[in-house]
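I have a fresh page and a pair of chains to look through. These are my notes, in the order in which I looked things up.

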Amino acid sequence: MSNKAIITENLGKRYKLGETLNFSRTIREAIVEFPRKFMSEAKRKAFEIRERKNNPDYDPETPPGTFWALRHLNLEINHSDVVGIIGSNGSGKSTLLKVLSKITIPTTGHAKVYGRVGSLLEVGTGFHPDLTGRENIFLNGSIMGMSKADIKMRFDEIVAFSEVEKFLDTPIKRYSSGMTVRLAFAVAAHLEPEILIVDEVLAVGDAAFQNKCMGKMKDVSSEGRTVLFVSHNMSAVRSLCSRGILLKNGKIVVDTTINEAISHYNDTLDEKANDAQLLWKEGEMPGDDYVQLIEAQLLSETGVNKTIFDTDEQIKIRLKYKSLKNNKDLRFAVKLSSIEGETVFQSTDQIFRNSENSGAGLYTTEVDIPNRLLNSKHYQISLWAGTPKVKRHIPEMLLFKLSVVGKVYNGSRLDDRQPWPGIVSPELKWKILKID
Amino acid sequence: MSKDTADKYVQIIQPREKQKKIDWQELYRFRELFGILVWRDIKVKYKQTALGALWAIIVPFVHMLIFTVIFGNVAKLPTDGLHPQLFYYAGLLLWTYFATAVSISGASLVNGKAFLTKIYFPRLIMPVSPTLSALVDFTIGFVILVAMLFYYEQAIDYTIIFLPFFVAIAVVSASGVGMIFASLNVKYRDVAFALPFIIQIWMYGTVLVPFSKLPPAWGDFRYLYGLNPMSGAVEGFRWCLLHSNMLTTRMLDGKVVEIPVDPPLLLVTVSTVSAAFLLWLGIKWFKKMESTFADIV
């Protein structure tokens, strides 16, 4: 017995695009495919080579009208790993979960799963509106794979968790949607498989209930069970998981710690990444006969240009400049302001400039804006450069517009969805003392 | 978790070619779910209806009245020497069971789309459970049949002990046919339109004509009638309930006597084989299509 919970080898899932019933296409494909069935291996090779010559993208495994939702996936997950699977829409996260929970079969490769799998791709699957809450607990529980005895044993816990005691004998079509969801999650939360697969189901109910769900999920993962968790809610993923797998186009991009995976994810998220790097040509560089700005970049901790940052990420600003004179008093200043133009702060590099780094030559100067400082909102960064009492070399100019997203570190236990007030929202330490 | 449990539940997930057999062990593990789905179907069937389970009686009973008037009184079709009311109600009762089971079963996968795409359990449970829950209606309707037997002063014979066998033929056929239509329905929604139509035509072919009135000139070819498994089931069902009144004349010691008809043995045998074949075909077909359900439903 190894310590493995899930091993996949070359796992792949191919889907057909478009209509399932397209007779003209099906017939056309059949005509094209039919002779190939009778070809010998050698002939088939020759055929493929010929095809490839005509069409450089030809791939015998990807006939037209199909795509791979997962491809060449090799994965090893150990027992009691709590793994967050992240990636943008269409990256194959849900397909992976569906394959592992046996809902759909893979096209290539295989997976070995050690232990009972409980999958939670949706809460309340099979709930029947005409049945009472009590009846639905049994129905839904057995659909999820619990035995009747299990459900009976946990019945009181489930009811208490759902907070719908009073309505247990009411048909659930009379429930509010919030009540239904609470009941559904309560059943799901009491599944006790060795391997739990969860897809984006925590986004249910009000904030207080969400919080309760998160707490329950944390309990589950700390009990030493294997959990695979998919969510777009990065703060939920971060707080639950220790390992992170980032998928893109059905392939693993990184398989590392959750924090690294999330910052990689944030890096790939940014479509305006080009706006995070400004380069000036010779002759167009801002500056004068003292200093000339060559390049300005907005970077993530991992050194990727981007303009969308998580609240838990540092923001790096790097400037590359040419100094033409020995000038220890030179100062580059960056100013961060809200998108409405209100200054948040302004900071310069002057006191870090000494006799060693102030001669003529090429330099970079960079600064990190700490994480857990900014609020979840839009900001802009501008720059100016000058030597006090001598001259302003670069007048104030707007460099970047950036967005900060994600959980606001405001001291609340809830991850409030509403905008949190304040130009910044720094993480502060409170101290609570009992004095009586 | 204990490592033993993990060892016990090693599952290999792989492409289709290698997994067409029924996993009996797994089916056994999901027996409770099977029971619960049957229970759910029964429980919700007549929710929010004014007449409730009366519908289980109304449908075959009204059908019977229409058949009696049109085919019995107007068209004067033979009814094996039985009261047309009894003849048609008995046939229609078993038929109604079959028709209900097949139509619910045929729609089970499409209606249970959420199951197919969101949760795993052996899919075979879905088309099979309606064939059991529909038995409840059958039982209710059967009470009326018994009442009718008393009303028409029809003695209940020892042959009634064979009744479960004929019902079983209907259950087996309904499962087989249900599975075929259910899996076809996933890909071709035409089934939703064709199925009621097919069932309607099939009914006339089953309930109206007793085997005894097939032209004797056809000889043994008449037994091909049993390829429709429901014809053997209905014929046998009528026989086991109404045996003592189904009389035939025979020469005995030079005298013409009326004796009860023999059991339709050969016909029932053909139908039993046919029902078993349908079940086999249904399972085979279902297992073949099963792996694509979640992707195309």
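**Entry 1: a strand in chain A**

I began with a single pair: Leu279(A) stands opposite Glu295(A), which belongs to strand 11 of chain A. A reminder to myself before going on: this is a predicted model.

I then looked at the strands behind that pair. Strand 10 of chain A, residues 277-279, and strand 11 of chain A run antiparallel and are joined by three bridges. Strand 11 of chain A also pairs with strand 13 (residues 315-323) of chain A, again in the antiparallel sense, and here I found eight bridges. One of the pairs I noted is Gln297(A), whose bridge partner in strand 13 of chain A is Arg318(A).

Is strand 11 of chain A mostly covered or mostly open? Mostly covered: of the nine residues in 291-299, seven are buried.

**Entry 2: the domains of chain A**

Next I looked up the domain assignment. It divides chain A into domain 1 (18-64), domain 2 (74-269) and domain 3 (273-405). Taken over C-alpha atoms, the centres of domain 2 and domain 3 of chain A are 44 Å apart. The contact between these two takes six residues from domain 2 of chain A and nine residues from domain 3 of chain A.

Which helix gives the largest share of the domain 2 side? I found helix 9 of chain A, residues 258-269, which supplies five residues. By class, the domain 2 side that touches domain 3 of chain A has three nonpolar residues, two polar and one charged.

**Entry 3: Tyr175(A)**

I picked out Tyr175(A), which sits in the loop between helix 5 (148-162) and helix 6 (177-189) of chain A. Is this tyrosine buried or exposed? Tyr175(A) counts as buried, because 20 C-beta neighbours lie inside 10 Å. The cut-off for buried is 20 or more, so Tyr175(A) meets it.

Leaving out residues up to four places away in sequence, I see Tyr175(A) touching Phe167(A) and Thr180(A). I also checked Tyr175(A) against Ser382(A): they are 207 residues apart in sequence, and their C-alpha atoms are 53 Å apart in space.

**Entry 4: the nonpolar cores**

The largest nonpolar core has 141 residues. Its residues with the most contacts inside the core are Leu100(A), Phe229(A), Phe98(B) and Ala170(B). I wanted to know which element gives the largest share, and it is helix 5 of chain B (residues 84-111), with 16 residues.

I followed Phe229(A) a little further. Apart from neighbours within four places in sequence, Phe229(A) is in contact with Val83(A), Gly84(A), Ile85(A), Val198(A), Val237(A), Leu240(A) and Cys241(A). There is also a second, separate core of 27 residues, including Leu293(A), Phe309(A), Leu330(A) and Leu383(A).

**Entry 5: chain B by itself**

I turned to chain B and noted 12 helices and three strands in its secondary structure. The C-alpha trace of chain B spans about 80 × 45 × 40 Å along its principal axes. Chain B has 297 residues, and 42% of them count as buried. Among contacts in chain B with a separation of 6 or more, 83% are between residues 24 or more positions apart.

**Entry 6: a sheet with both chains in it**

I traced an open sheet of four strands in the order 2(A)-1(A)-4(A)-1(B), with antiparallel pairing. Why do two of its strands have a side without a neighbour in the sheet? Strand 2 (66-78) of chain A and strand 1 of chain B stand at the edges with a single partner strand each, so one side of each is left free of a neighbour there. On average, neighbouring strands of this sheet are turned by 15° against each other, direction ignored.

Where the chains meet in the sheet, four bridges join strand 4 of chain A (residues 108-114) to strand 1 of chain B, and the two run antiparallel. I wrote down Lys112(A) opposite Ile12(B), and Ala111(A) with Ile13(B) as its bridge partner.

**Entry 7: the contact between the chains**

My last look-up was the whole contact, which takes 38 residues from chain A and 33 residues from chain B. On the chain B side, helix 1 (3-8), strand 1 (10-13), helix 3 (31-45), helix 6 (113-118) and helix 12 (293-296) each supply at least two residues. Helix 3 of chain B gives the largest share of that side, six residues. I sorted the chain B side by class and have 17 nonpolar, six polar and 10 charged residues.

Methods: Residues are numbered from 1 along each chain as its sequence is written. Chains are lettered from A and ligands numbered from 1 in the order in which they are written. This is a predicted model: local features need pLDDT of at least 70, side-chain atom pairs count only at pLDDT 80 or more; totals for chains, interfaces and linings use all residues. Two residues are in contact if their C-beta atoms, placed from the backbone, lie within 7 Å. Ala, Val, Leu, Ile, Met, Phe, Trp, Tyr, Cys and Pro count as nonpolar, Asp, Glu, Lys and Arg as charged, and the others, Gly among them, as polar. Two strands pair if DSSP finds at least two bridges between them. A residue is buried if 20 or more other C-beta atoms lie within 10 Å of its own, exposed if 12 or fewer, and partly exposed in between; C-beta atoms are placed from the backbone. A nonpolar core is a set of buried Ala, Val, Leu, Ile, Met, Phe, Trp, Tyr and Cys residues joined through C-beta atoms within 7 Å. Axes are lines fitted to C-alpha atoms, for helices over the stretch in contact, and angles run from 0 to 180 degrees between N-to-C directions. Domain bounds come from an automatic or database domain assignment.
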